[in-house]
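Let's take a walk through this one, starting with the whole chain and then dropping into a few specific spots. Keep the viewer open as you read.

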Amino acid sequence: MSTTLNHRAQPTHAPTVGARGWIALAVLMLPVLLVSVDNTVLAFALPSISSSMGPTGAQQLWIVDIYPLVLAGLLVSMGSAGDRFGRRRLLLIGATGFAAVSVLAAYAPTPEALIAARAALGFFGAMLMPSTLSLIRNIFLNPNQRRLAIAIWASCFAAGGALGPIVGGFLLEHFWWGSVFLLAVVALIPLLILAPIFVPESKDPNPGPVDPTSIVLSLIALAPIVYAVKNLAHGGPTGQTLIPAVVGVTASILFVRRQLTRSTPMLDVRLFRVPTFSGAVAVNLLSVFSLVGFLFFVSQHLQLVVGQSPMQAGISLLPGLAVMVVAGLAVVPLVRSVQPRTVVVVALLVSSLGYLTVLAFASPTATAPVIVAFALLGAGIGAAETISNDLIVSGVAPEKAGAASAVSETAYELGAVLGTAVLGSILMASYRAHLTVPAGVDAGSAAQAGETLGGAHHVAADLPAAEGAALLDSAHAAFDAGVVVTSGIGAVLMVVAAGVAFATLRRRS
């Protein structure tokens with residue numbers, strides 16, 4: 001694989017596809033919608049899961065984190081496997097497993113069982129996402145068509161996010177929380193039927209040998225680092241932070257060194273020497289970090305602080321998700337006359353305004369500022385992600401699209417993990433520091449109220465009216481104090497991402 005962006009691999013006069021290619025794209029959007037819906041639905045289902053299962057704060061974070069953590073650890077390996085054994089084949093295997101495990105997750109009896117099911121979903125989900133983007137790269141060789149297809153791919157994440165709160169809110173109001181996982185079965189059965197008909201198989205005609213050592217190193221490079229970040233954010237023992245961090249960093253270094261010494265590496269890490277490639281990956285990671293961190297606290301704010309139902313909370317975020325879709329599609333014709341770097345930088349600065357809006361107007365009764373803030377955040381991220389994903393997958397030859405797509409997806413999932421782990425942990429640490437438990441509440445209940453906002457609601461329901469109201473007032477104020485802190489961090493991250501984009505995304509020749 002070349003260490004420079006492979007623009008010659010996709011000349012402007014490349015052949016265009018007809019109706020069959022666009023039907024294939026529509027089929028490939030089913031798993032994209034599924035993964036996006038799954039992420040959004042879970043954020044809105046957390047209050048119901050907390051009320052039903054009573055997970056600890058750490059378990060609640062792991063319910064959210066374990067899926068993208070396992071998925072991110074396997075994406076590079078699965079992307080390489082798709083290049084070798086067939087991307088459509090891997091997509092179908094992943095879809096079958098994902099649908100089956102979704103049923104198990106829906107009926108999980110304990111937090112531990114749900115965490116285990118989410119881990120299994122991450123395993124099969126790792127087969128889905130690199131396959132979709134790499135298949136798009138190989139179906140749409142014409143750069144204009146490819147850019148539009150990738151914009152649709154990116155917009156489907158947002159569309160799934162828009163569908164998730166509405167459908168998920170309906171299910172949560174009429175059924176139990178596990179029903180949100182059964183959406184996967186509805187989405188994946190049509191995929192299993194239609195993909196063999198319309199989606200062409202593709203793979204690397206000259207794959208290198210299987211490298212089990214690289215696969216193992218890629219698996220153990222990420223999880224210990226994320227664990228260390230989570231432990232540090234929770235103020236855990238120093239040893240439980242340093243040891244996993246050293247393990248993860250060491251595995252990462254060994255993985256990179258191994259790829260540099262092999263004639264046919266599983267992932268050509270030399271691509272990261274290309275500023276445009278590495279900058280686009282960084283933009284993906286930081287954008288998703290901020291987006292997922294925002295969704296983590298805004299879903300709880302709307303439901304547990306403002307008092308909206310899951311359906312109402314979903315509708316409140318619908319304008320922002322719609323803006324994200326529109327922005328992702330609008331930049332396709334725009335970049336024909338405006339430098340991609342300029343579009344990305346402006347888009348990320350607009351996203352920073354979303355967090356600044358929350359920072360300025362956050363309160364226990366705030367709804368309109370949250371709606372406006374999410375619209376600003378969504379507009380910027382929708383535009384930036386379309387361009388960054390196109391830069392990543394167009395930078396390699398089509399036969400290596402699986403590995404490159406895996407890099408894009410790894411950045412996305414790593415951003416999701418860290419967004420929840422870092423911003424979520426900082427939010428809950430601030431919440432615990434500001435919470436005042438009324439006198440007379442026993443130590444066990446006080447500890448439960450201090451774990452999560454959902455825990456405070458659960459404890460307050462069993463207290464006398466006056467004490468319960470006092471606890472909730474303190475909990476709501478403490479939670480929004482944490483929201484202010486995390487919003488400031490999110491705004492800074494968006495400005496940093498804009499700076500990275502300005503420095504690395506070179507002007508188009």
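Of the 509 residues in the protein chain, 58% are buried. Keep in mind that this is a predicted model. The fold is helical through and through as far as the assigned elements go: the chain has 16 helices and 0 strands. Look at how the chain comes back on itself, too: among contacts with a separation of 6 or more, 84% are between residues 24 or more positions apart. On the outside, the accessible surface adds up to about 18,500 Å², and carbon and sulfur atoms own 70% of that.

Two pairs make the long-range picture concrete. Start with Ala154, which sits in helix 5 (residues 143-174). Its relative accessible area is 12%, so Ala154 is buried, the cut-off being under 20%. Along the sequence, Ala154 and Met29 are 125 residues apart, yet their C-alpha atoms are 9.6 Å apart in space. For the other pair, go to the loop between helix 11 and helix 12, where you'll find Thr365. Is Thr365 buried or exposed? Thr365 counts as exposed, because its relative accessibility is 67% and the threshold is over 50%. From the C-alpha of Thr365 to that of His476 is 9.6 Å, with the two positions 111 residues apart along the chain.

Now for the empty space. Searching the whole structure turns up 5 cavities of 30 Å³ or more. The second largest cavity has a volume of about 60 Å³. Which elements give two or more residues to its lining? They are helix 9, helix 11 (340-361), helix 12 (368-393) and helix 16 (465-504). The lining residues include Phe297, His301, Phe361, Pro369 and Asp480. Sorted by class, this lining has 8 nonpolar residues, 1 polar and 1 charged.

Next, switch from cavities to pockets. The second largest pocket has a volume of about 580 Å³. Its lining takes in 22 residues, and the ones nearest the centre are Val76, Leu267, Phe272, Thr410 and Leu414. What is the class make-up of this lining? There are 18 nonpolar and 4 polar residues, with no charged ones. Several helices build the wall: helix 2 (57-85), helix 7 (212-233), helix 8 (238-261), helix 9 (275-305) and helix 13 (401-434) each bring at least two residues to it. Helix 7 makes the largest contribution to the lining of this pocket, with 6 residues.

Let's stay with helix 7 for the last stop, since Ser214 is placed there. Ser214 counts as buried because its relative accessibility is 0%. What does its side chain pair up with? The side chain of Ser214 makes a polar contact of 2.8 Å with the side chain of Gln259. Leaving aside residues up to four places away in sequence, Ser214 touches Phe255, Arg258, Gln259, Arg262 and Met266. Gln259 is thus on both lists for Ser214, as a polar partner and as one of the touching residues.

Definitions and conventions: Residues numbered from 1 in each chain as written. Predicted model: local features only at pLDDT ≥ 70, side-chain atom pairs only at ≥ 80, totals over all residues. Heavy atoms only, no water. 1 Å grid on protein atoms, 1.4 Å probe; cavity = no way out; pocket = protein on both sides within 12 Å on 5 of 7 lines; lining within 4 Å. Points joined across faces, edges and corners; volume = space filled by probe spheres on them. Helix = DSSP H or I, 4+ residues; strand = E, 2+ residues; numbered from the N terminus. Nonpolar A, V, L, I, M, F, W, Y, C, P; charged D, E, K, R; others polar. Buried < 20%, exposed > 50% of the residue type's maximum accessible area, 1.4 Å probe, protein only. Polar contact = N/O pair within 3.5 Å; in protein donor to acceptor, adjacent residues only side chain to side chain. Contact = heavy atoms within 4.5 Å. Areas by Shrake-Rupley, 256 points an atom, 1.4 Å probe, with all protein chains shown as cover.
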